[in-house]
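The exercises below are meant to be worked through with the coordinates open in a viewer. Each one sets a task and is followed by a solution that goes step by step.

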Amino acid sequence: MARPANDAPYRLLHDVDFGEGVVVMSFANLYGCRIGDETRIGPFVEIQRGAVVGARCKVSSHAFLCDGVELEDEVFVGHGVVFVNDRRPRATTEEGGLQSADDWELERTIVARRASIGSGAVIMCGVTIGAGALVGAGAVVTRDVAPGQTVAGVPARALRSTERFPPIG
């Protein structure tokens, strides 16, 4: 198993596919995920089994990336960003037993190349945030964000489009 490029105390790293030059800070919890080349993971970040982070991304402190989340290359995730992968979360089944993996439906979320997500945003499951899009701090994203679009608010609404980081290719 490859390791991060840096040493830091108090990290939980289990079954992670690391690219070259990945930096993972202290108190990060990464398991069963894939992290691309030259990506930086801040302290107190959790990235769960099944999540994919592309190359040259920056995931800031206290972010949570769950199963079903894919960040393409060069994505910025601000402090305290939370991704959601279940539209109807419940602890127990109708019969009162604890839910298992078979009791809910995973919904994937894609954040396309060069998109940026501001601190404290919540990204609901099943959405795509387009290439070069900007999600404002504290926004709650409940539907797709077009490439190059800026959204903010609760729920997030389009403010403008930008060609600051146009999609490549």
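**Exercise 1. Classify the two partners of the Glu107 salt bridge by their exposure, and place them along the chain.**

Solution. Begin with Arg87, which has a relative accessible area of 38% and is therefore partly exposed, since that class lies between the limits of 20% and 50%. Glu107, by contrast, has a relative accessible area of 18% and is therefore buried, because buried means under 20%. Next, take the distance between the two side chains: the closest N and O atoms of Glu107 and Arg87 are 2.9 Å apart, and a salt bridge requires such a pair to be within 4 Å. Finally, locate the partners: both Glu107 and Arg87 are in the loop between strand S13 (82–83) and S14, at a separation of 20 residues, and the pair links distant parts of the chain. Note that the model is predicted, and that side-chain atom pairs were counted only at pLDDT 80 or more.

**Exercise 2. Which residues does Arg114 join through salt bridges, and what is notable about its backbone?**

Solution. The first step is the direct pair: Arg114 forms a salt bridge with Glu74, with 2.7 Å between the closest N and O atoms. Arg114 sits in the loop between S14 and S15, while Glu74 sits in the loop between strand S11 (69–71) and strand S12 (76–77), so the bridge ties together parts that are 40 residues apart in sequence. Both partners are partly exposed, Arg114 at a relative accessible area of 25% and Glu74 at 22%. The second step widens the view to the network, in which salt bridges link Arg56, Glu74, Arg113 and Arg114. The third step turns to the backbone: the phi of Arg114 is near 65°, which is positive although the residue is not a glycine. Most residues other than glycine have a negative phi.

**Exercise 3. Describe the salt bridge between Arg49 and Asp15, and say how many salt bridges the structure holds.**

Solution. Starting from the total, the structure holds five salt bridges. In the pair considered here, the closest N and O atoms of Arg49 and Asp15 are 3.2 Å apart. Arg49 belongs to the loop between S7 and strand S8 (52–53) and Asp15 to the loop between S1 and strand S2 (17–18), so that, by these assigned strands, the pair links distant parts of the chain, 34 residues apart. As for exposure, Arg49 counts as partly exposed at 43% relative accessibility, and Asp15 likewise counts as partly exposed at 47%.

**Exercise 4. What surrounds Arg11, a buried residue that has no salt bridge?**

Solution. Arg11 lies in the segment before strand S1 (12–14). The nearest side chain of opposite charge is that of Asp7, at 4.7 Å, and because a salt bridge needs the atoms within 4 Å, this pair does not qualify. A polar atom of the Arg11 side chain does, however, lie 3.4 Å from the backbone oxygen of Ala8. Beyond the neighbours within four places in sequence, the contacts of Arg11 include Arg3, Pro4 and Asn6, together with Val24, Met25, Ser26, Phe27 and Ala28.

**Exercise 5. Which residues make the nonpolar surface patch, and where is Phe44 placed?**

Solution. The patch is made by Tyr10, Phe27 and Phe44 and covers about 370 Å². Phe44 is found in the loop between strand S6 (40–41) and strand S7 (46–47), where the residue counts as partly exposed at 44% relative accessibility. Phe27 also appears among the contacts of Arg11, which gives a connection to the preceding exercise.

**Exercise 6. Find where Glu38 and Pro155 lie, and describe the backbone geometry at each.**

Solution. For Glu38, phi is near 60°, a positive value in a residue other than glycine. Glu38 lies in the loop between strand S5 (34–35) and S6, and it counts as exposed at 51% relative accessibility. For Pro155, the peptide bond leading from Val154 is cis, with omega near -10°. Pro155 lies in the loop between strand S20 (149–152) and strand S21 (157–161). As a point of reference, most peptide bonds are trans.

Conventions:
Residues are numbered from 1 along each chain as its sequence is written. This is a predicted model: local features need pLDDT of at least 70, side-chain atom pairs count only at pLDDT 80 or more; totals for chains, interfaces and linings use all residues. Side-chain values use heavy atoms; hydrogens and water are left out. Patches are made of residues with over 30% relative accessible area and no salt bridge: like charges are joined within 9 Å, nonpolar side chains (Val, Leu, Ile, Met, Phe, Trp, Tyr) within 5 Å. Accessible areas come from the Shrake-Rupley method with a 1.4 Å probe; for residues, only the protein chains shown count as cover. Helices (H or I, at least four residues) and strands (E, at least two) are DSSP runs, numbered from the N terminus. Buried means under 20% relative accessible area, exposed over 50%, partly exposed in between (1.4 Å probe, protein chains only). Lys and Arg count as positive and Asp and Glu as negative; His and the chain ends are not counted. A polar contact is a pair of N or O atoms within 3.5 Å; within protein, one must be able to donate a hydrogen and the other to accept it, and residues adjacent in sequence count only if both atoms are side-chain atoms. Contact means heavy atoms within 4.5 Å.
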